[in-house]
Amino acid sequence: MEGPEYDFVADPMSDKVWEMWTGNADTNTQIFRHLFRADPDDNIKTFDDYEAFLPRHNKFKQGHLHDPFMPAQEVREKLDQIKGHLVWMPLDFLCDAPMAEKGLQVNAYTESIYT
């Protein structure tokens with residue numbers, strides 16, 4: 001197979017491919033965060049952050065359009081910027097939240113997960 005599309009990914013470790021992937025992940029993550037306030041999210045570091053991040057009213061469903069009063073044209077323009085499904089994995093989600101109770105017995109494997 002030949003062509004510019006195949007040439008572009010011939011070396012999947014190239015700087016050009018990496019820049020495209022990370023650029024798409026940055027853009028997609030920011031747009032999803034802005035429009036849908038999807039979680040998990042790296043901006044949610046504690047359970048207090050999580051409470052503040054959730055929709056305030058029961059009529060707004062989590063994962064749906066966060067601001068139902070946002071003009072449809074603005075939503076369409078934002079959605080048109082999304083390329084593919086690639087987003088950053090939120091590795092800092094609840095990173096500052098205590099996950100294990102003090103004195104809880106854990107083995108070496110689970111200790112690395114919960115602390």
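**Helix α2 and its surroundings in the predicted model**

The buried residues of helix α2 are Val17, Thr22, Asn24, Ala25, Asn28, Thr29, Ile31, Leu35 and Phe36. These assignments come from a predicted model. Cover for the buried positions of α2 is provided by elements that include α1 (residues 4-8) and α4 (residues 72-80).

Helix α2 itself spans residues 15-36. With 22 residues, α2 extends 31 Å from its first C-alpha to its last, a value close to the 32 Å expected at 1.5 Å a residue. Just after the helix, Arg37 adopts a positive phi of about 50°.

Trp21 also lies in α2, but this residue is absent from the buried set of the helix. Because its relative accessible area of 47% falls between the limits of 20% for buried and 50% for exposed residues, Trp21 is classed as partly exposed. Together with Met20 and Leu86, Trp21 makes a nonpolar surface patch of about 280 Å².

At the level of the whole chain, the secondary structure consists of 5 helices and 0 strands, and the order along the sequence is α-α-α-α-α. The chain comprises 115 residues, of which 17% are counted as buried. Its exposed surface amounts to about 9,400 Å², and 55% of this area is supplied by carbon and sulfur atoms. Of the contacts between residues at least 6 apart in sequence, 69% join residues at least 24 apart.

Technical notes. Residues are numbered from 1 along each chain as its sequence is written. This is a predicted model: local features need pLDDT of at least 70, side-chain atom pairs count only at pLDDT 80 or more; totals for chains, interfaces and linings use all residues. Side-chain values use heavy atoms; hydrogens and water are left out. Helices (H or I, at least four residues) and strands (E, at least two) are DSSP runs, numbered from the N terminus. Buried means under 20% relative accessible area, exposed over 50%, partly exposed in between (1.4 Å probe, protein chains only). Contact means heavy atoms within 4.5 Å. Accessible areas come from the Shrake-Rupley method with a 1.4 Å probe; for residues, only the protein chains shown count as cover. Patches are made of residues with over 30% relative accessible area and no salt bridge: like charges are joined within 9 Å, nonpolar side chains (Val, Leu, Ile, Met, Phe, Trp, Tyr) within 5 Å. A salt bridge is a side-chain nitrogen of Lys or Arg within 4 Å of a carboxyl oxygen of Asp or Glu. The expected span of a helix is 1.5 Å times one less than its number of residues.
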